[in-house]
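Open your viewer, load the model and keep the selection box handy. We will go from stop to stop, and at each one you will hear what to select and what is there.

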Amino acid sequence: MQKRTLLQRWRGAWRRWSLWTALVLLVVSMLATMVWLAGRYEASQVQSRLERDTADAVSDIRAALTRNLQSLQALPADNPGQLAWEVDASDLLRNRRELVRIELRDANLRMRTHVQSPYRPVAWDMRLRDSSQSDLTIACANARRLSNPAYSSSYFQPHGDGLGSEMMELCVPLTAGGRITGFLVATYALQDILINLVAHNLTRSQEASFTEADGTRLAVMGAARRGSRMFTAQHLLDLPGGTLVLRMDSWHSAPSLFPNVLTALVTAMSIALVTVMVVLVRDNRRRLRAERDLADALAFRKAMEDSLVTGLRARDLEGRITYVNPAFCEMVGFTAHELMGHSMSAPYWPPERVEEYRQRQAIRFAGYMPPREGFESEFMRKDGTRFPVLIIEAPLINAQGQHTGWMSAFLDISEQRRVEELSRASQERLQATARLATVGEMASLLSHELNQPLAAISSYANGSLNLLEQAAPAQAASAEPDALQDVRMAMRQIARQAERAGRVIKSVHDFVRRRDQAREAVYAQQLLDAILPLVSLQARKLGVRVHTTVEPGLGPALCDRTMVEQVLLNLARNAMQAMDDPTVRTRVLDIRVRRAASNKYSGWVEFAVTDLGTGIPPEVAEKLFTPFFTTRPEGMGLGLSMCRTVIEQHGGFLGFAPHEPRGTVFTFTLPVSQT
């Protein structure tokens with residue numbers, strides 16, 4: 001029994017010891033991991049700083065080279081005085097120590113003059129320098145090809161003291177009138193570039209050098225303090241015609257075992273880890289439960305907002321859009337990402353109304369409450385189409401009762417406006433139908449009342465002709481006086497026109513009553529001959545020349561002769577009135593008849609009436625055939641409407657189009673008689 005109790009105690013102690021051992025191992029492993037991560041972090045910071053220093057050094061070098069190029073281009077190279085040029089170039093060499101030599105050469109690279117830095121004496125071998133394979137010649141060839149400054153690759157130049165250094169050439173083309181007249185050659189020492197442009201930014205633990213692509217060092221600057229770990233950064237110095245690599249090395253000691261206060265914080269956190277873990281687990285459970293409830297509430301609200309057909313938009317107190325629902329995005333054609341953040345103007349505002357909407361928005365943000373029933377506005381979709389909307393706005397209040405913005409609801413009322421427009425058009429059509437019915441009644445009344453006086457006129461004219469025939473039965477026609485012949489001719493015309501007027505009234509009466517009209521085969525020339533006397537009278541009055549053209553071989557048209565004559569007469573009169581304008585110099589009425597599109601089953605004849613008037617404005621063209629629409633004070637607006645109806649009753653089509661260079665052409669078609 002005692003043995004069993006000891007065994008149980010030992011097992012309990014072993015469990016507790018194992019638990020504490022595991023906890024200690026966990027804490028130690030965490031400490032070791034954090035120390036290792038701290039060392040890695042410190043190393044990454046050192047490397048990042050070195051990368052930034054290298055990039056800054058390259059930027060400094062590039063800026064200095066650009067300033068030197070500008071200074072070189074400012075030297076007087078257009079027929080300079082040799083002494084003046086040398087003085088300016090010498091000043092430049094004294095101020096810019098990275099330059100060791102400046103040469104002025106002609107277009108064939110022959111030396112004109114040169115100056116040399118007083119700080120670095122160099123024994124130049126001009127035979128090698130002027131050879132066709134020298135770096136200077138190659139750089140100037142690139143400059144000539146590019147018409148821009150060009151750099152050479154680096155090369156080794158021996159000094160007079162048995163030493164040497166890496167050099168680099170800059171060749172600047174000099175142009176006049178678009179032609180290269182010479183070259184300005186500047187020689188750089190890579191070592192001096194590091195000394196004068198980079199050394200002032202180096203620390204004691206840094207070393208800068210120019211290297212080739214394979215790592216060979218060309219020039220080195222900086223007294224590096226050796227340490228246990230070296231960091232290296234390289235940056236490309238890309239120049240027109242040449243490329244260098246700037247390398248910077250930095251030495252640092254290894255990170256301390258306990259760097260800064262980070263390890264102390266980790267130790268304190270590890271001691272409190274066990275206690276905090278219990279609290280975190282309990283808090284995490286409550287947080288997860290709250291997150292699930294919040295996610296359910298958000299999903300419910302989003303599903304409700306996505307199901308709406310009403311557009312919703314939220315703005316903060318500064319006017320920035322903070323929320324739009326899918327219905328609003330579909331309404332304006334923009335995505336939510338394209339709309340978020342807009343404040344001063346929105347992409348769905350029409351450009352011509354932006355200022356108006358800004359003023360309205362400023363009034364709203366000043367505290368003015370919009371009408372509760374909403375107000376109408378106009379928006380523009382992404383494709384440019386406009387549509388009316390009804391906007392209802394209300395202040396947005398948060399849970400603390402603070403005003404945080406505005407919530408707006410939008411209703412697209414395009415369909416409502418379309419229904420209202422259809423209703424208005426239906427009312428106008430009903431009114432037009434009522435007026436047409438009234439006109440029909442008036443036409444019936446006038447035809448009844450005018451038939452009797454027209455019949456009397458015709459009877460009196462025929463009676464007068466009979467009296468004239470009885471007054472001189474024995475005289476030959478050739479022996480009659482001219483006045484008597486003119487009277488007889490006038491009486492015949494009176495009788496003929498009275499009969500024609502009666503036929504017109506009867507045709508209009510039948511047209512209004514929708515009766516079947518008598519159609520006959522009539523040639524186009526006969527129709528023109530019937531209206532030309534009346535057209536010529538008005539043409540002489542307005543100074544219009546009348547041209548008629550009929551295509552040979554046309555068959556007769558099957559039509560109501562009287563009504564088609566009235567259509568032709570109406571179109572001809574309209575054409576002449578369109579040219580009754582002081583700005584119209586050439587007044588020509590052209591009436592043409594030709595064969596239209598036909599087949600073996602049916603044939604068509606096309607009539608075209610063309611004027612050289614001022615044309616028809618677009619706003620008038622839309623309503624040209626509308627009953628009771630007219631642009632003349634004395635007109636009734638029924639002429640063209642009745643003309644189209646007449647032609648359509650014959651199965652044809654009446655239309656119009658602009659005539660180039662000016663004027664309008666009206667065309668209509670009639671069927672060809674098949675008999």
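Is the disulfide of Cys140 and Cys171 right-handed or left-handed? Select the two cysteines and look along the S-S bond: the torsion about it is about 105°, so the disulfide is right-handed.

Before going on, a word on ground rules. This is a predicted model, in which local features need pLDDT of at least 70 and side-chain atom pairs count only at pLDDT 80 or more, while totals for chains, interfaces and linings use all residues. Residues are numbered from 1 along each chain as its sequence is written, and side-chain values use heavy atoms, with hydrogens and water left out.

**Stop 1: the disulfide**

Stay with Cys140 and Cys171, whose sulfurs are 2.2 Å apart. A disulfide here is a pair of cysteine sulfur atoms within 2.5 Å, and the structure holds 1. This pair links distant parts of the chain: Cys140 sits in helix α4 (residues 135–146) and Cys171 in strand β5 (residues 164–176), 31 residues apart. Helices (H or I, at least four residues) and strands (E, at least two) are DSSP runs, numbered from the N terminus. Cys140 is buried at a relative accessible area of 2%, and Cys171 is buried at 1%. Buried means under 20% relative accessible area, exposed over 50%, and partly exposed in between (1.4 Å probe, protein chains only).

Now colour the model by secondary structure. The protein has 16 helices and 22 strands, and 36% of its 675 residues count as buried.

**Stop 2: the largest nonpolar core**

Select Ile61, Ile102, Leu184 and Phe210. These residues have the most contacts inside the largest nonpolar core, which has 44 residues. Such a core is a set of buried Ala, Val, Leu, Ile, Met, Phe, Trp, Tyr and Cys residues joined through side-chain atoms within 4.5 Å. Helix α1 (residues 2–73) supplies the largest share of this core, 10 residues. Apart from this core lies another one of 43 residues, among them Val522, Ile531, Val564 and Val593.

Back at Ile102, show what surrounds the residue. Not counting residues up to four places away in sequence, Ile102 touches residues including Leu72, Trp85, His114 and Leu184. Contact means heavy atoms within 4.5 Å.

**Stop 3: Glu103 and the loop after its strand**

Move one selection along to Glu103, in strand β1 (residues 99–106). Is Glu103 buried or exposed? Glu103 is buried, with a relative accessible area of 0%. Beyond four places in sequence, its contacts include Trp85, Met126, Arg129 and Phe183. Thr113 is 10 residues from Glu103 along the chain, and their C-alpha atoms are separated by 6.0 Å.

Next, click on Leu109, in the loop between β1 and β2 (111–116). Leu109 has a positive phi of about 70° although it is not a glycine. Most residues other than glycine have a negative phi, and most peptide bonds are trans. Another positive phi, near 55°, belongs to Ser147, in the loop between α4 and β3 (150–151).

**Stop 4: a hairpin and a cavity**

Select residues 375–380 and 386–397, which are strands β13 and β14, paired in the antiparallel sense over 6 bridges. Two strands pair if DSSP finds at least two bridges between them. Glu376 stands opposite Leu390 in β14. The two strands form a hairpin with 5 residues between them, and Gly384 in the turn has a positive phi of about 95°.

Which elements give two or more residues to the lining of the largest cavity? They are β11 (311–316), α10 (354–365), β13 and β14, with α10 giving the most, 4 residues. Select lining residues including Arg313, Tyr357, Phe379 and Glu393 to frame this cavity, which has a volume of about 130 Å³. On a 1 Å grid over the protein atoms alone, a cavity is a set of points where a 1.4 Å probe fits but cannot get out, and lining residues have an atom within 4 Å of a point. Grid points are joined across faces, edges and corners, and the volume is the space filled by probe spheres set on the points.

**Stop 5: the last helix stop and a cis bond**

Pick Ser641 in helix α16 (residues 639–649). Ser641 is buried at 15% and, beyond four places in sequence, is in contact with Phe625 and Pro627. Finish at Pro661, in the loop between β21 (654–658) and β22 (664–671). The peptide bond from Glu660 to Pro661 is cis, with omega near 5°.

Conventions
1 Å grid on protein atoms, 1.4 Å probe; cavity = no way out; pocket = protein on both sides within 12 Å on 5 of 7 lines; lining within 4 Å.
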